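Visitor: I would like a close look at one part of this assembly, the place where two of its chains touch. Please take me through it slowly.

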There are 4 protein chains.
Amino acid sequence: MIIAIKHGAPKGEVERFAAALEKQGVKIHFSEGASQTVLGLVGDTTGIDEESLMAHHLVEKVIRVQEPYKRANRLFHPGDTRIDIPLPEGGLRSIGEGKLGIIAGPCSVESRDQIVSVAKAVKEAGAGFLRGGAFKPRTSPYSFQGLGCNGLDLLLAAKKETGLPIVTELMAIHQLEVFDEVDIIQIGARNMQNFTLLKELGRCRKPVLLKRGLASTITELLMAAEYIMAGGNSRIILCERGIRTFDSYTRNTLDLSAIPALKRHTHLPVIVDPSHATGLAWMVPSMAKAAIAAGADGVIVEVHNNPEEALCDGEQSITPDTFSTLMETLKKYAEFEGRSI
Amino acid sequence: MIIAIKHGAPKGEVERFAAALEKQGVKIHFSEGASQTVLGLVGDTTGIDEESLMAHHLVEKVIRVQEPYKRANRLFHPGDTRIDIPLPEGGLRSIGEGKLGIIAGPCSVESRDQIVSVAKAVKEAGAGFLRGGAFKPRTSPYSFQGLGCNGLDLLLAAKKETGLPIVTELMAIHQLEVFDEVDIIQIGARNMQNFTLLKELGRCRKPVLLKRGLASTITELLMAAEYIMAGGNSRIILCERGIRTFDSYTRNTLDLSAIPALKRHTHLPVIVDPSHATGLAWMVPSMAKAAIAAGADGVIVEVHNNPEEALCDGEQSITPDTFSTLMETLKKYAEFEGRSI
Amino acid sequence: MIIAIKHGAPKGEVERFAAALEKQGVKIHFSEGASQTVLGLVGDTTGIDEESLMAHHLVEKVIRVQEPYKRANRLFHPGDTRIDIPLPEGGLRSIGEGKLGIIAGPCSVESRDQIVSVAKAVKEAGAGFLRGGAFKPRTSPYSFQGLGCNGLDLLLAAKKETGLPIVTELMAIHQLEVFDEVDIIQIGARNMQNFTLLKELGRCRKPVLLKRGLASTITELLMAAEYIMAGGNSRIILCERGIRTFDSYTRNTLDLSAIPALKRHTHLPVIVDPSHATGLAWMVPSMAKAAIAAGADGVIVEVHNNPEEALCDGEQSITPDTFSTLMETLKKYAEFEGRSI
Amino acid sequence: MIIAIKHGAPKGEVERFAAALEKQGVKIHFSEGASQTVLGLVGDTTGIDEESLMAHHLVEKVIRVQEPYKRANRLFHPGDTRIDIPLPEGGLRSIGEGKLGIIAGPCSVESRDQIVSVAKAVKEAGAGFLRGGAFKPRTSPYSFQGLGCNGLDLLLAAKKETGLPIVTELMAIHQLEVFDEVDIIQIGARNMQNFTLLKELGRCRKPVLLKRGLASTITELLMAAEYIMAGGNSRIILCERGIRTFDSYTRNTLDLSAIPALKRHTHLPVIVDPSHATGLAWMVPSMAKAAIAAGADGVIVEVHNNPEEALCDGEQSITPDTFSTLMETLKKYAEFEGRSI
């Protein structure tokens with residue numbers, strides 16, 4: 001971290017300020033120029049608060065050279081992290097380090113027939129995981145809020161029938177007790193900075209699919225992962241799902257540049273959700289392909305056997321047929337990039 | 001709600017679609033034009049999901065004429081809502097319906113001396129409420145996370161000494177049990193769509209200060225209030241605190257047009273947080289004045305007796321002296337607009 | 001276009017309003033519901049101003065069903081438009097309708113040696129067009145503004161040596177007189193809504209590469225194209241080059257969903273500029289691949305033989321070697337999608 | 001300017017890099033720390049290109065301490081600039097340095113009767129300047145484009161009848177020849193970075209009302225002013241008119257924090273356009289009041305005697321009656337802040 005001191009600051013004050021900083025566990029390299037004094041902070045600066053520094057009357061500007069995350073940082077963990085999920089019939093299904101995770105299923109679990117038939121269809125097409133919402137975050141209190149625990153039971157039934165590991169969203173800490181047989185816990189965009197929840201996830205031992213908040217920067221997403229990792233759980237899959245911008249053609253703006261950015265700074269796997277990002281079923285295949293071409297470690301896609309009757313988000317769900325065609329292409333793309341599904 | 005049907009849709013299908021909609025409790029007015037068939041939905045459409053409609057293959061476009069919120073809607077509650085908070089010494093302090101709420105205090109509670117001295121200073125200057133963070137949402141797990149329950153005790157001590165009702169942030173449901181003597185529960189921007197938490201607040205009987213999310217629309221803020229109101233708690237104060245935009249000069253972009261917008265659509269009081277919005281102490285007075293000029297029902301301002309030593313967000317805190325000068329101006333502004341502090 | 005009339009509007013007034021609208025050349029279909037009167041406008045509504053309608057005291061809401069552009073609209077021109085550029089040695093080079101346009105070269109033309117050597121290198125690697133800035137739009141009046149007419153001469157020299165058609169930016173109408181031998185006129189993001197310039201381009205007969213403005217919607221980009229087409233020039237290539245969002249990791253946020261969106265609504269070819277969008281050379285290859293995977297008709301990429309010494313935007317330029325490797329991959333992607341470079 | 005060098009960079013290379021920088025007219029202060037080498041650039045760095053520096057392989061980060069603008073910078077011109085406009089009957093009307101400029105009139109000039117009657121009404125209410133569009137930038141080529149030169153003649157007729165100086169938009173350089181009797185040349189948001197036009201305005205001697213672009217930062221707006229000032233014309237009035245954000249309740253998001261930000265960094269007067277920013281007539285009075293409360297040097301407001309029949313932007317125009325009431329309030333606000341209209 002580098003601190004530019006204001007022009008004309010009294011030398012004694014700057015020295016007292018530097019001494020106070022050293023008490024926070026860093027060493028200060030003092031560099032006095034003709035018109036600019038600069039302090040270089042050497043050591044672990046992750047605990048030093050830039051905003052507090054900025055408030056100081058001696059400080060002109062602060063630049064952080066070191067990133068504020070450690071455990072999520074590729075610098076200290078150069079190899080890719082691979083998340084392995086045990087399969088009911090034995091063996092593992094993996095995401096990361098060259099293995100693409102393809103997660104598919106309906107927005108909401110609606111009935112046993114629905115979830116089992118979609119599960120069979122996406123498995124047949126080659127998906128590795130089944131997704132489906134039991135607890136649903138909805139903008140309106142008057143909208144369908146998901147089947148809750150019953151939905152979870154139906155998901156487990158589908159897992160039993162197909163052998164597909166399941167991914168479903170957790171909205172509150174107290175729901176953890178019913179998530180025992182869930183394979184990957186999804187944390188939605190709106191909870192990405194629910195810090196109490198993140199800390200709790202640090203204590204559990206399940207993989208977490210952490211979605212980027214609608215207005216979160218790359219660094220904020222990595223800091224959210226760091227919250228979980230600081231608690232001891234490193235099994236995190238990051239998910240780009242669109243950010244909020246002025247453009248309202250798509251529901252959100254899918255930020256595919258987040259893939260190379262994240263892959264450069266972290267060892268965690270990164271997947272993409274083209275369904276929620278765009279909100280438009282006809283756009284899902286091209287954005288899924290672009291995600292893999294850009295280096296994503298997988299996609300999570302909404303598939304519904306009857307999108308028009310879906311209880312939520314039907315507009316963004318593709319049919320099993322479209323999904324099957326898409327899978328054919330994604331397999332070739334993966335191969336093309338030296339990876340496998 | 002008006003649904004434009006796609007050109008060339010078969011009449012029979014449209015009729016079946018309309019019949020299915022009527023089962024959701026609305027009446028359909030069928031209007032067939034030369035080139036465009038339009039369905040008008042009459043009745044309570046708050047439970048009807050626009051996105052599901054948009055997914056239907058017969059549907060070209062959907063416009064919602066009626067707003068999706070009821071309890072928060074000024075249409076059904078034309079008069080202003082006033083939030084009354086009982087004072088320790090008896091009597092009430094109010095926000096709304098012409099009464100401005102001025103909430104001031106430090107970002108974080110740091111020590112008994114600090115919170116009591118700031119409380120005395122802001123009371124002296126004319127503030128009506130004391131704010132102070134005990135549980136702090138911080139981007140980094142390595143930053144100071146607040147004093148927690150001890151911080152709450154210190155706030156209550158300051159309340160005892162000054163008689164100022166206190167406002168402090170709740171981050172998780174389980175903290176509710178220690179919020180008994182808190183006067184107004186603050187819900188931060190990052191929790192605005194923590195729906196589980198909102199539902200729980202609907203069950204409690206304390207006033208809630210609900211901050212607008214960084215990327216939330218006016219309607220989403222009102223829907224968050226509606227979540228709380230649907231549970232039976234109507235004592236909500238809305239707070240504009242800046243939105244995230246491309247402009248990074250200020251920490252967020254204070255959207256003062258949200259004040260007239262909210263006041264038009266809801267009867268709930270609306271206040272402004274110029275400290276978090278701008279992140280710059282020197283900008284707080286002008287933005288606080290502008291907020292009152294634009295019709296806000298109050299402001300929440302960070303005041304610290306030693307901003308440079310603050311454990312968080314010092315950069316945005318003004319000193320008690322600056323606050324005192326600001327209060328003089330705000331009082332005149334309030335008077336000028338026929339309101340009072 | 002559908003107009004929802006305010007509840008309780010006097011019938012006579014609505015009829016007079018409808019009659020006034022009919023004078024603008026549309027037919028009105030009048031639909032009176034129990035609680036909602038709706039007017040359907042039939043005919044060509046491109047000349048009808050939504051904002052004026054919205055100002056009318058009888059009007060509740062307006063929805064445009066028909067898009068406001070005609071000549072750029074795929075509805076009236078279902079097949080893809082292909083832009084053919086004659087080559088100096090005879091024959092044509094095309095963009096669109098399955099032919100990918102690969103445009104490469106330095107940000108600025110700096111010297112004869114520089115532009116000729118880059119031209120040779122990108123031609124060797126398989127680029128179809130040479131780009132290079134002679135007139136440069138720079139944020140600061142004190143930055144290098146490009147070599148101007150001399151730069152243009154050097155570009156033409158490089159065209160002569162390599163046979164590559166050239167693409168360069170036009171900043172003002174009066175420069176048109178020296179653009180005689182330029183093959184494709186580039187209009188930068190900042191001039192996308194320079195309507196006087198767009199009208200003038202409608203009168204010329206050269207292909208125009210029209211870049212999306214930093215804060216322009218899909219519809220605004222198409223309306224800018226419509227300005228040129230309304231003047232009689234239909235040879236337009238659209239270019240997505242990043243939009244301005246809250247996220248500052250990349251210079252702008254590349255909006256790849258614009259590709260399927262544009263391809264759905266217009267017959268014009270759509271290319272992508274990953275260099276300006278991201279501002280980061282190391283991100284260019286993955287974003288270029290993603291663009292082609294998403295269906296783009298080409299890319300425009302900055303290539304510099306010595307990025308560190310570039311007079312502008314070196315940070316985003318890749319070397320000829322990297323470009324050559326990228327081209328190998330893009331060719332395979334193109335082939336895979338049934339297209340060719 | 002401070003340049004952080006990458007860890008482990010060879011000393012010889014860093015020295016050669018520093019020597020090359022010195023050739024650009026700055027002195028380098030070399031500071032070698034244990035883990036970080038930092039170069040401090042002393043002297044005039046306005047001509048040094050940050051992006052080029054960032055591209056260099058030795059460079060980790062760059063911070064600009066000095067702002068990139070000189071002539072617009074308050075640092076070198078601490079006092080406020082006042083723009084004086086001579087009145088037809090003799091004397092001056094001023095904006096800045098405590099004098100508020102109130103500019104009012106219709107979006108478009110439509111007829112002699114319209115512009116003269118609005119001019120009389122706004123003068124009567126206390127406006128200091130008449131605005132009205134003759135050349136109109138319209139998103140659609142099929143929308144009314146303004147009366148052009150005829151509109152200019154009608155504006156001049158209204159000036160003659162009322163004595164109000166006129167403000168009207170210039171869209172292209174060639175229109176300058178008919179702007180002889182225009183008092184203030186308005187440059188619209190879409191032309192804020194039309195650098196060729198800005199350079200030309202630097203050569204003319206008329207005051208320029210420069211509107212902030214929809215996606216322009218504070219620094220970019222000041223750099224646009226710097227373009228004009230670099231040419232020798234310092235009579236510039238800056239105008240905040242809303243930025244494009246995710247929020248679409250208002251047409252744009254009025255960024256009132258831009259007022260204190262600009263007033264801190266520049267000596268030029270700053271006014272606000274609440275009509276274009278919000279697009280909603282009913283919001284204009286509260287936003288105009290907030291602008292003055294926040295320290296603006298004036299407002300530019302759309303007033304139309306018959307908003308519902310306006311040929312453009314009627315939705316955002318207030319009536320002469322509303323304007324007259326607003327003026328009463330603004331006068332009190334101005335007086336209160338020690339300024340005058």
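Guide: What follows is a walk through the contact between two chains, with a short word on the domains at the end. The model is a predicted one, and the description should be read with that in mind. The contact in question joins chain D and chain B, with 28 residues coming from chain D and 27 residues from chain B. On the side of chain D that touches chain B, three helices each supply at least two residues, namely α7 (258-265), α9 (284-293) and α10 (320-336). Of these contributions, the largest share belongs to α9(D), which provides five residues. Sorted by class, this side of chain D is made up of 16 nonpolar residues, eight polar residues and four charged residues.

The arrangement of the two chains can be described by a single operation, since chain D is superposed on chain B by a rotation of 180 degrees with 0.0 Å of shift along its axis, the RMSD being 0.0 Å. The two copies are therefore related as by a two-fold rotation axis. Within chain D, the residue that comes closest to this axis is D:Ala290, whose C-alpha lies at 2.1 Å from it. The same surface serves both copies, in that 96% of the contact residues of chain D recur in chain B.

For the domains, chain A offers an example: it is divided into domain 1, covering 2-63, and domain 2, covering 74-336. Taken over C-alpha atoms, the centres of domain 1 of chain A and domain 2 of chain A are separated by 43 Å.

Note on methods. Residues are numbered from 1 along each chain as its sequence is written. Chains are lettered from A and ligands numbered from 1 in the order in which they are written. This is a predicted model: local features need pLDDT of at least 70, side-chain atom pairs count only at pLDDT 80 or more; totals for chains, interfaces and linings use all residues. Two residues are in contact if their C-beta atoms, placed from the backbone, lie within 7 Å. Helices (H or I, at least four residues) and strands (E, at least two) are DSSP runs, numbered from the N terminus. Ala, Val, Leu, Ile, Met, Phe, Trp, Tyr, Cys and Pro count as nonpolar, Asp, Glu, Lys and Arg as charged, and the others, Gly among them, as polar. Domain bounds come from an automatic or database domain assignment. Copies are superposed by least squares on the C-alpha atoms of residues with pLDDT of at least 70 in both.
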